[in-house]
Amino acid sequence: MSLETKITFCRICEATCGLEVDVEQGRVVDIRPDKKHVVSRGYACVKGTRWKATQHSPDRLLHPMKRRGEAWEEISWDQAIREIGAKIRALIAKHGPNTLAHFVGSAGGAILMSPMFRVALYEALGTRRMYGTGTCDTMNKFRVNGEMYGSAMRLMYPDVDNASFMMVLGANPAVSGNTLYHLPRSQERLAAIVKGGGRVVFVNPRRIETAAAGEHLFIRPDTDVFFLAAFANELIHKGHVDRERVDQYMLGFEKLCNAVKTWTPERQAEVTGIPAETLRNLVRAHSQASARGGPGQRGAALYMATGVNQGRSGSPCFWLLEAINAISGNLDRHGGTLLGSGLVDMAEAMGELGLRFDREDGLPTVSGIQPSGMLADDILGDAPDRVTAMIVEASNPLLACSNPNGRLDEAFESLELLVSIDIFRNEVGSLAHYVLPAQTWMERPEIPYALQSFAGACATPYLIYADPVLEAPPDVRPEWWIYVRLADALGATLFDRKPLSFAAKIYARFCFTKLGRLLPGPEKFLDGMLKNAKMPGIKEMNEKHRHGLLLPPNDGGNFLGTERVLTKHKKVDLAPSPVVEAFSGSVEDLYRDEVANRDRLKLIGLRQIKRMNSASSNNEALVQETTNFAYLNPEDAERIGVTNGEPVDVRSRHGRIRIPVRISDEMMPRTVAIPQCWGHAGAEGLPHAAAHPGVNSNLLAGDGPENIERLSGMSHLSGILIDIERVRTIG
Ligand SMILES: Nc1nc2c(c(=O)[nH]1)N[C@H]1C(S)=C(S)[C@@H](COP(=O)(O)OP(=O)(O)OC[C@H]3O[C@@H](n4cnc5c(=O)[nH]c(N)nc54)[C@H](O)[C@@H]3O)O[C@H]1N2
Ligand SMILES: Nc1nc2c(c(=O)[nH]1)N[C@H]1C(S)=C(S)[C@@H](COP(=O)(O)OP(=O)(O)OC[C@H]3O[C@@H](n4cnc5c(=O)[nH]c(N)nc54)[C@H](O)[C@@H]3O)O[C@H]1N2
Ligand code: SF4
Ligand SMILES: [Mo]
């Protein structure tokens, strides 16, 4: 077979960059950025271009495996499904359906077909226990969107190309590719605002890579809530409010004013480290950019992401941020923040999956996801329906989630059934009873990330479809197929519709047989989905739009005052009671806490360009360093008495680790950053990662209700108080 070049898009992160892949005899030879991709236009990072080592890794899972004591045995799919099904049946008979849990990770967010069948299976079985890394990254946004706009999936995004002021809190798009906001070539587009005479301000405890595109302001970790409250107050106080829009389209303005009225620029400065005058100046610049009627009608937008979401006030922060965007007249406006439209309206599709309060501890289930910070309690507790069985899809929660001193490992070890659906045997797989091999993104047909195609949070609206680049190894299976086969084994009716469920099961029984492979596959399903949305089908996409099809730009003006506002009154709620009450009930205590701990060190995370959470750590083309480091400011290093490369002991209320330091003035004083999702010593199936293990910083994070944000179930993973001591050498 000769060399063939295929056009596809990367699915490692939400940037979904276009790629050109040379393939020969079913193997990747080379991966390059696709210069003709309509939005990434020749940008791709090393995780995408060096994917070959992961794709063809000798450690890849190629068959279902079953644990026998210390050893692993290859088994058939029939045996795997039969045995897992029987075990689930027995456990449900004994403890009830809630004893079966599910955990889905970030890589699961890129798989288009899986969620439909996963949710259908769990709903059919009547279990409420679905967990995910969503409560490590963004559930606060979903909760607040629901409160303010009537649905989790009313997800606004900055109109970056038309804004003349942007403030970015707790995100580092140049490295991360962003989250819940599809902004390819982010650095260049942010820098263009500055070139056009505008301002871009990054508010972050670390001077991040993206900050080269604009200005940078240090903020003490987990104090954004005071900064944003003061920003809102100052804006209101100075009269920079678009009263007409507020009166016409919004409710709760007075309540909002009331909630923030004590937060002066001076008061926030005490704990955030951002001087009062700097805040006033920012509000001034923001309101100038928001003023209408000038040439070009530029606007202003505030955006926040993971660093703020993972604090103790993720939901209040997002509420304040959205309220600022709204009252300043920037919501639903060119150059402000916009609501996109996806192929289907996710708000409607998600209907049933909204907000639930079905836990005894009163913590919410947001968008169908329970708090991952309760997982150890839910497994180790003594409730009659405690979790005894769990299926983990595309995740490595032992490294990703709060795991105080290894408590989550202990919990997972105690499970009666643990199944990992993955492309490798990671930490969870090492403890599992069964590991089930999944396809990689190169082996699936797809349209991009669910959030991009469906919520439409896309700075440039476009459509793309990719055929599989490679044929999957014969014994690996897509996730959706595993769920349908399990439904079959468990006698569960999918989608509450017997004929449809029956058809799906029959299809799944045969589609991987020799004859079955001739049946139409997921491509047909995606084709139907595109055509349903009045888009070209996959044939036309392949023939005419391999590099993507630009869709009409979003000019705003399509949300306020329309049916798309899904609150009861069809107006934006600027002061939803649960959020305002949570804010008002906690903010003074948090402030006192900040003042009391002003001199202590706080821990934050750090994403690195060569690592995708823990998923790329076995890729020898990406990972050469044997450890991660604790990054600290020269001032702090001097006080502690450490030099570059020396190990230190880091302690929190929850755990303790030992890690070498790197001294860097990128760090704000009293802030320590440790790249997360390292600590691979326990990964049997990841030998390269195990030889380059690093340290798991989440051993320092707490779990249980007091470490979870009560509105959204988000874990407190950023801004954790720590103490550092140099390691004393003996003798
Ligand atoms: N290379 C790479 N890309 C990735 C990932 C990866 O692991 N590696 N992971 C992917 C995933 S799962 C996600 S969710 C996205 C996340 O995408 P982003 O949200 O952009 O995540 P980070 O790059 O971690 O940026 C968070 C920033 O918050 C800052 N920060 C920490 N605490 C605070 C705080 O209290 N206040 C403020 N204002 N800032 C704070 C940190 O210094 C950091 O720069 O990235 C995705 N892309
Ligand atoms: N302290 C701290 N902790 C954090 C964060 C932080 O900023 N700070 N970030 C948090 C965030 S935002 C997240 S999302 C989590 C990340 O945590 P996870 O979402 O659990 O991510 P990974 O550890 O990379 O695990 C992904 C797994 O999916 C597998 N995989 C890859 N592709 C596929 C596929 O197509 N199918 C299947 N079935 N498996 C696949 C990989 O082999 C890997 O084992 O970490 C969280 N933890
Ligand atoms: S991992 Fe890199 S190449 Fe892949 S989508 Fe993200 S930024 Fe693009
Ligand atoms: Mo994430």
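User: Which two domains does ligand 1 lie between?
Analyst: This is a predicted model, with local features needing pLDDT of at least 70 and side-chain atom pairs pLDDT 80 or more, while totals for chains, interfaces and linings use all residues. Residues count from 1 along each chain as written, chains are lettered from A and ligands numbered from 1 in written order, and side-chain values use heavy atoms, without hydrogens or water. The shell around ligand 1 (residues with a heavy atom within 4 Å) takes residues from both domains, so ligand 1 lies between domain 2 (159-334 + 566-579) and domain 3 (598-726), with bounds from an automatic or database assignment.

User: How much of ligand 1 does the protein bury?
Analyst: Let's start with its partners: a backbone N or O atom of Arg611 sits 2.5 Å from a nitrogen of ligand 1. On its own, ligand 1 exposes 920 Å² (Shrake-Rupley, 1.4 Å probe). Of that area, the protein buries 96%.

User: Which element gives the most residues to the shell around ligand 1?
Analyst: Two elements give two or more residues here, α7 (173-176) and α14 (306-309); helices are DSSP runs (H or I) of at least four residues. With three residues, the top giver is α14.

User: What share of ligand 2 does the protein cover?
Analyst: Ligand 2 has 30 residues around it, Ser106 and Ser614 being among the closest. The side chain of Asn426 puts an N or O atom 2.8 Å from one of ligand 2's oxygens. Alone, ligand 2 has 910 Å² of accessible area, and the protein covers 95%.

Terms used:
Polar contact = N/O pair within 3.5 Å; in protein donor to acceptor, adjacent residues only side chain to side chain.
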